[in-house]
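The following exercises ask you to read a protein model step by step, with a worked solution after each task. Keep the sequence and the structure in view while you work through them.

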Amino acid sequence: MADAFYKSHQRHPGLFGDKFEESWLHPDLKDLVKAFGGSNASFAEDPTKLAPDLLREEAPQVYSFKCLSPLFLQIFNEEIENFYEITDKYNIPVRRPNSMNKYGVIVNEIGMRPLITSFQQNYLWPLARVLFPSEGSQFDDHHSFIVRYRADEDLGLDMHTDDSDVTFNVCLGHDFVGATLSFCGMFGAVDHRKWVHTYRHEIGRAILHLGSRRHGADDIESGMRANLIVWNHNHEYRNSIDYRRTRRSHVLYQKEEGPPDPVCLSYTHDRDFANFKAVPDSIKEKSTQAWCPPPGKEYDGFKG
């Protein structure tokens with residue numbers, strides 16, 4: 001496996017331990033965790049008021065905050081770049097995060113799972129349990145990976161929802177133009193494919209949202225953008241009736257209120273994509289598993 005081979009090539013061994021150092025955090029995140037750690041935090045009617053200067057609500061249930069220190073950004077980026085160089089040099093196969101990202105790295109599989117678990121439990125969960133009481137009530141596991149966008153590689157990422165209960169996404173760098181992140185509605189809601197907000201990444205700043213919110217990475221125009229993404233999993237929530245009825249069986253899926261906003265369309269998932277946009281050449285000859293909207297949930301006038 002890649003982690004066993006890479007162990008002797010690690011540049012910053014501290015990144016492969018089981019403690020995420022406080023010095024790697026931006027001071028704002030330290031203060032944010034303290035504000036959310038109070039005994040009354042879980043009962044706050046408006047969690048954004050617990051630390052209004054530290055937490056920004058980009059859209060309903062989409063939050064951003066300053067997260068990582070310059071020191072961490074430096075050593076983490078150096079380590080990831082070193083990993084790319086070593087695996088290329090020795091022709092070591094690397095499993096990619098998912099079928100849509102061709103140039104990413106699953107950091108859990110190169111020896112960083114303990115580090116990310118420490119970060120998740122000590123700094124992400126205290127926020128998520130307040131911001132998302134059901135989905136963030138506990139974190140049992142995570143799928144953590146790097147995505148990379150460049151003009152000569154992956155330009156962006158098609159609209160989708162995550163196999164995540166709460167998604168953490170932080171920009172690691174570097175110099176880039178474009179590559180924004182567009183958010184649409186919640187899975188199964190009447191406005192599932194209606195635009196909500198477009199977020200502009202800032203290096204070291206993180207965004208936190210539910211995995212069930214449709215979103216996509218808009219095409220990069222120049223430069224390179226790299227992000228660390230943590231899909232946080234809550235097994236108790238996933239065993240709930242509400243989760244199974246919405247995310248698995250479509251029982252609670254609502255009829256769409258109208259045609260989708262163009263920015264919210266997915267060429268992978270949407271049955272009516274070609275009615276609004278040209279199908280990308282890269283997928284014209286590939287079989288698709290378009291399912292959205294489910295039969296019986298189409299907006300009036302739908303043509304598949």
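Please bear in mind throughout that this is a predicted model.

**Exercise 1. A salt bridge between two loops**

Task: Find out which parts of the chain are tied together by the salt bridge of Arg95 and Glu109, and decide for each residue how far it is exposed.

Solution: Begin with the distance, since a salt bridge requires a side-chain nitrogen of Lys or Arg within 4 Å of a carboxyl oxygen of Asp or Glu. The side chains of Arg95 and Glu109 meet at 2.2 Å, N to O, and theirs is a salt bridge in a structure that holds 16 of them. Next, locate the partners: Arg95 lies in the loop between α3 (70-89) and β3 (105-106), while Glu109 lies in the loop between β3 and α4 (113-131), so the pair ties together parts that are 14 residues apart in sequence. Finally, consider accessibility, where exposed means over 50% relative accessible area and buried means under 20%. Arg95 has 52% relative accessibility and therefore counts as exposed, whereas Glu109, with a relative accessible area of 23%, is partly exposed.

**Exercise 2. A salt bridge that starts from a helix**

Task: Determine how many residues apart in sequence the parts joined by Arg238 and Asp163 are, and whether each of these residues is buried or partly exposed.

Solution: The side chains of Arg238 and Asp163 form a salt bridge with an N to O distance of 3.1 Å. Arg238 belongs to helix α5 (residues 235-238) and Asp163 to the loop between β5 (157-160) and β6 (166-173), so the parts tied together are 75 residues apart in sequence. Turning to accessibility, Arg238 counts as buried at 17%, and Asp163 counts as partly exposed at 39%.

**Exercise 3. Asp270 and its surroundings**

Task: Describe where Asp270 lies, whether it is buried or exposed, and which residues it touches.

Solution: Asp270 is found in the segment after α6, and its relative accessibility of 3% makes it buried. Its side chain reaches the backbone nitrogen of Ser266 at 2.8 Å. If residues up to four places away in sequence are not counted, Asp270 touches Arg193, Arg214, Cys264, Leu265, Ala290 and Cys292.

A further salt bridge involves Glu298 and Arg271, whose closest N and O atoms are 3.2 Å apart. Both Glu298 and Arg271 lie in the segment after α6, 27 residues apart, and the pair links distant parts of the chain. Asp270 itself belongs to a network in which salt bridges that share partners join it with Arg193, Arg214, Glu256 and Asp272.

**Exercise 4. An open sheet**

Task: Work out which strands stand at the edges of the sheet that contains β5 and β9 (197-199), and what this leaves on one side of each.

Solution: First write down the order of this open sheet of four strands, which is β5-β11-β8-β9, with antiparallel pairing. The edge strands are β5 and β9, each with a single partner strand, so one side of each is left without a neighbour in the sheet. From one strand to the next, the twist averages 20°. For a closer look at one pairing, take β5 and strand β11 (residues 213-217), which pair in the antiparallel sense over two bridges; here Leu157 has Ala217 in β11 as its bridge partner.

**Exercise 5. An enclosed strand**

Task: Explain why strand β10 (residues 205-210) is described as largely enclosed by the rest of the structure.

Solution: Count the buried residues of β10: six of the six are buried, so the strand is largely enclosed. Then sort the residues by direction, with Arg205, Ile207 and His209 pointing one way and Ala206, Leu208 and Leu210 the other way. Lastly, look at the pairing of β10 with strand β2 (residues 62-66), which is antiparallel over five bridges, and in which Tyr63 stands opposite Leu208. β10 also pairs with β6 in the antiparallel sense over five bridges, and Val166 has Leu210 as its bridge partner there.

**Exercise 6. Aromatic rings**

Task: Classify the ring pair of Tyr237 and Tyr243 from the distance of its centres and the angle of its planes.

Solution: The structure holds 19 aromatic pairs. In the pair of Tyr237 and Tyr243, the centres are 5.4 Å apart and the planes stand at 70°, so the pair is edge-to-face. Tyr237 is buried, with a relative accessible area of 17%, and Tyr243 is buried at 4%.

Definitions and conventions: Residues are numbered from 1 along each chain as its sequence is written. This is a predicted model: local features need pLDDT of at least 70, side-chain atom pairs count only at pLDDT 80 or more; totals for chains, interfaces and linings use all residues. Side-chain values use heavy atoms; hydrogens and water are left out. Buried means under 20% relative accessible area, exposed over 50%, partly exposed in between (1.4 Å probe, protein chains only). Two strands pair if DSSP finds at least two bridges between them. Axes are lines fitted to C-alpha atoms, for helices over the stretch in contact, and angles run from 0 to 180 degrees between N-to-C directions. A polar contact is a pair of N or O atoms within 3.5 Å; within protein, one must be able to donate a hydrogen and the other to accept it, and residues adjacent in sequence count only if both atoms are side-chain atoms. Contact means heavy atoms within 4.5 Å. Rings of Phe, Tyr and Trp (its six-membered ring) pair if their centres lie within 6.5 Å; planes under 30 degrees apart count as stacked, over 60 as edge-to-face and the rest as tilted.
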